[in-house]
2 protein chains.
Amino acid sequence: MAPTIRDVATAAGVSQSTVSRALSMPELVNPATRARVLEAAGRLGYQPNRAARGLITGRTGNLGLIVPDLSNPFFSSVVKGVQAAARGADYSLFIADTDEEASAEVELLRALTRQVDGIVLCSPRSPDDDLARVGVDSSVVLMNRRIEGRPSVTVDNADGMRQAVEHLSALGHKRIAYVAGPRTSWSNGQRERGLHQSAEDTGSDLVHLGHFPPRFEGGVAAADLALASGATAVIAYNDVVALGLLSRLGARQVSVPAEMSVLGCDDISMSAMTHPALTTVSIPKWEAGRAAVVLLLSLLAEGAADSPAPDRELPAQLIVRATTGVAPATGRPAPGGHSTKGPTG
Amino acid sequence: MAPTIRDVATAAGVSQSTVSRALSMPELVNPATRARVLEAAGRLGYQPNRAARGLITGRTGNLGLIVPDLSNPFFSSVVKGVQAAARGADYSLFIADTDEEASAEVELLRALTRQVDGIVLCSPRSPDDDLARVGVDSSVVLMNRRIEGRPSVTVDNADGMRQAVEHLSALGHKRIAYVAGPRTSWSNGQRERGLHQSAEDTGSDLVHLGHFPPRFEGGVAAADLALASGATAVIAYNDVVALGLLSRLGARQVSVPAEMSVLGCDDISMSAMTHPALTTVSIPKWEAGRAAVVLLLSLLAEGAADSPAPDRELPAQLIVRATTGVAPATGRPAPGGHSTKGPTG
DNA sequence: AATCGGTCTGAAAAGGATTGCAACACACAG
DNA sequence: CTGTGTGTTGCAATCCTTTTCAGACCGATT
């Protein structure tokens with residue numbers, strides 16, 4: 001149905017090989033012939049069959065992207081960055097969403113691996129062992145997770161948390177609550193680590209409120225714990241959770257930031273639009289997606305040879321908006337909430 | 001590198017054809033042989049090379065999905081529906097985002113068409129002619145757009161708007177403003193049509209505030225116009241815009257719904273979580289994505305033969321939450337805003 | 001005139017899976 | 001004992017492109 005290289009060849013009065021060369025190695029054919037070939041190809045609307053090409057080159061021209069939840073705005077931004085970079089390099093993109101289910105990751109990884117040249121695995125929830133096993137044969141770049149011996153793109157979450165804690169500390173907050181994300185999230189682990197370290201450095205009390213689903217409802221549920229904890233500021237695992245916090249605090253008529261400061265993470269676009277606008281630790285999402293693809297493509301080009309699993313770490317950046325303010329003069333009473341300085345999960 | 005059908009064949013002591021048949025037409029081979037083949041395939045971890053298969057069958061096992069903006073939660077839901085259906089039918093999914101740019105649609109359509117068996121084109125912004133031209137050769141199902149002679153999945157937007165207007169009318173609102181979406185959006189046209197019809201039926205005044213980008217900022221910008229229009233209720237093109245309206249109304253200290261009722265469209269998850277929770281016309285997003293794939297697959301199975309471009313229309317459903325209430329007793333003055341009953345774009 | 005270098009082109013193989021056709025074995029009927 | 005049918009398997013062609021290898025051609029040098 002669609003024109004093949006053969007059709008172009010006869011139309012241009014040359015052989016298939018010449019057509020192939022005219023299109024992919026232009027300097028090897030006589031300019032006049034090439035012009036004829038290009039004209040014929042254009043006239044027939046010829047598009048090379050990527051499956052056939054892939055069969056012989058062993059490369060598909062496709063990349064895969066696996067994310068936990070496409071409806072999370074954090075990941076939409078990542079997807080956009082990945083997409084831009086892939087399209088720029090003339091790769092097509094398979095995107096798959098695991099619905100936050102760890103088991104789906106290895107399954108998708110396996111299913112995808114035959115159809116792509118490489119995979120960006122974003123914020124995987126699976127245990128290290130599973131990931132180590134499955135990715136060996138194909139090129140996989142991890143994002144938001146670091147595993148020994150695997151290339152990855154990460155963000156300096158710990159430093160982001162340091163900036164957050166120092167900001168709050170400078171505002172006079174002495175007791176800071178943290179609403180944690182999934183136990184299986186590597187980023188969450190990094191953030192907890194950064195929090196504990198900088199809490200210690202600044203002499204702040206850190207209250208770990210427990211692990212919550214990284215969604216709006218998680219923040220809603222955590223808000224009451226935060227209020228009961230005696231903290232004057234609360235840091236959320238991400239912005240969506242922070243928005244949930246704000247919502248519940250609003251419902252309980254707690255004024256932000258006068259009575260309680262709230263700080264998110266990610267800097268999703270919605271965060272700048274709330275009232276009051278959310279103070280947050282900005283993560284270069286788009287850039288991270290792009291960097292993952294760049295790294296992946298460089299690995300593919302090298303032929304998976306030398307370098308021992310490169311890592312790329314991007315900076316996080318505190319963005320101060322309106323949900324953080326000076327600590328209330330009178331400390332709140334501090335019932336409930338278990339204060340701890342050791343990591344909990 | 002990866003095991004081929006040949007490897008399985010020698011391992012099982014049969015020919016390639018037998019392996020192929022054992023895997024895809026099990027009833028044609030001797031049960032004992034089949035068992036041997038399956039065992040060998042399993043042991044070697046054989047996965048058929050889809051490119052090679054596609055070369056001969058002419059089918060890729062891939063579907064394509066094109067949406068205007070992945071970071072719009074409406075489309076994330078659609079994507080999830082499409083993905084679920086595709087995965088259920090053992091198809092892989094290419095997803096592409098046009099960044100709301102119409103020209104990218106035809107380009108992506110063309111690029112994708114060779115690599116997939118069919119495409120779901122969601123909420124296309126391109127003019128009818130362009131779409132009519134490009135899709136002829138491949139199977140394309142439109143979503144949120146109806147074009148003569150092309151299969152489509154749509155939602156009864158007009159009826160959704162009717163429900164909205166009747167709801168507001170029953171609450172005593174006489175003057176209703178509409179914040180329109182992109183001119184190039186077919187859904188927007190349908191909604192305007194429904195609005196004008198039901199405004200006439202209920203004897204309400206409809207104020208068209210103009211076209212705004214379908215984003216939060218669009219709502220923010222429209223809010224002041226709504227206030228100045230003398231309307232006591234405002235319907236937004238979608239929920240994201242409605243959230244922008246709420247934000248700006250809040251900033252201007254207009255109480256919702258006491259002074260102004262606000263009504264959105266789509267029912268994105270965020271809408272149930274605001275304070276007050278947003279009244280909205282719910283669109284079956286997930287279901288629509290699924291329906292589009294089901295329709296597409298049925299077309300592929302039929303071999304694009306008989307039926308003259310089936311259309312599937314899904315119902316919309318008003319969800320009353322807290323941003324709509326009885327009209328304020330004292331009508332507001334009505335300067336600015338151009339009242340009209342004819343469609344504007 | 002023969003050789004050489006260089007440029008350009010074509011023939012043919014390869015890549016992995018599917019499938020039409022032929023072959024084979026076997027049982028059974030004629 | 002031959003012919004027919006059925007059930008099972010193998011051979012070989014095919015899909016479309018890339019790539020290797022060899023050949024053709026031309027001008028120039030020895």
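This is a short walk through a predicted model of a two-chain structure, chains A and B.

Okay, let's start with how far to trust the thing. Chain A averages a pLDDT of 91, and 92% of the residues score at least 70. The part to be wary of is residues 331–345 of chain A, where the pLDDT is below 50. That stretch still has 26 contacts in the model beyond near neighbours in sequence, so treat those with the low score in mind.

Next, how do the two chains relate? If you rotate by 180° with 0.1 Å of shift along the axis, chain B superposes on chain A with an RMSD of 0.2 Å. That is what a two-fold axis does. And the two copies use the same surface: 100% of the contact residues of chain B recur in chain A.

So what does that surface look like from chain B? There are 29 residues of chain B in contact with 29 residues of chain A. Four elements of chain B each put in at least two residues: helix 4 (50–57), helix 5 (73–88), strand 2 (92–97) and helix 11 (239–251). Which of them gives the most? Helix 5 of chain B does, with six residues. By residue class, the chain B side splits into twelve nonpolar, 13 polar and four charged.

Now the inside. In soluble globular proteins, nonpolar side chains tend to be buried together. Here the largest nonpolar core has 169 residues. The ones with the most contacts inside that core are Val120, Val179 and Leu245, listed for chain A and for chain B. Take Val120(B) as an example. Leaving out neighbours within four places in sequence, Val120(B) touches Leu63(B), Leu65(B), Val82(B), Val141(B), Met143(B), Ala292(B), Val293(B) and Leu296(B).

Let's flip to chain A and look at the strand that carries Val120(A), which is strand 3. Is strand 3 of chain A, residues 118–122, enclosed or open? Five of its five residues are buried, so the rest of the structure largely encloses it. If you look at where the residues point, Gly118(A), Val120(A) and Cys122(A) go one way and Ile119(A) and Leu121(A) go the other, and all are buried.

Strand 3 of chain A has a partner in strand 1 of chain A, residues 62–67, parallel, over four bridges. In that pairing Gly64(A) stands opposite Ile119(A). Strand 3 of chain A also pairs with strand 4 of chain A, residues 139–143, again in the parallel sense, this time over five bridges. There, Cys122(A) has Met143(A) as its bridge partner.

Okay, backbone oddities, since somebody always asks. Most residues other than glycine have a negative phi, and most peptide bonds are trans. We have some exceptions to show. The peptide bond from Val256(A) to Pro257(A) is cis, omega near 5°, and Pro257(A) sits in the loop between helix 11 (239–251) and strand 9 (261–266) of chain A. The bond from His275(A) to Pro276(A) is cis as well, with omega near -5°. Pro276(A) is in the loop between strand 9 and strand 10 (279–282) of chain A.

On the phi side, Glu100(A) has a positive value, near 60°, and is not a glycine. You'll find Glu100(A) in the loop between strand 2 (92–97) and helix 6 (102–113) of chain A. With 18 other C-beta atoms within 10 Å, Glu100(A) counts as partly exposed. Over in chain B, Gln253(B) also has a positive phi near 60°. Gln253(B) belongs to the loop between helix 11 and strand 9 of chain B, and is Gln253(B) buried or exposed? Exposed, because it has 7 C-beta neighbours inside 10 Å, and 12 or fewer is the cut-off for that.

Last stop, two residues to click on. Glu192(A) is in helix 9, residues 186–202, of chain A. Glu192(A) is a glutamate that counts as buried, with 23 C-beta neighbours inside 10 Å. From Glu192(A) to Pro31(A) you cover 161 residues in sequence and 62 Å in space, C-alpha to C-alpha. The other one is Gln47(B), in the loop between helix 3 (31–44) and helix 4 of chain B. Gln47(B) is partly exposed, with 14 C-beta neighbours inside 10 Å. Its C-alpha is 40 Å from that of Arg146(B), 99 residues away along the chain.

That's my tour; over to you.

Conventions: Residues are numbered from 1 along each chain as its sequence is written. Chains are lettered from A and ligands numbered from 1 in the order in which they are written. This is a predicted model: local features need pLDDT of at least 70, side-chain atom pairs count only at pLDDT 80 or more; totals for chains, interfaces and linings use all residues. A nonpolar core is a set of buried Ala, Val, Leu, Ile, Met, Phe, Trp, Tyr and Cys residues joined through C-beta atoms within 7 Å. A residue is buried if 20 or more other C-beta atoms lie within 10 Å of its own, exposed if 12 or fewer, and partly exposed in between; C-beta atoms are placed from the backbone. Two residues are in contact if their C-beta atoms, placed from the backbone, lie within 7 Å. Ala, Val, Leu, Ile, Met, Phe, Trp, Tyr, Cys and Pro count as nonpolar, Asp, Glu, Lys and Arg as charged, and the others, Gly among them, as polar. pLDDT is the predictor's confidence in each residue, from 0 to 100. Two strands pair if DSSP finds at least two bridges between them. Copies are superposed by least squares on the C-alpha atoms of residues with pLDDT of at least 70 in both.
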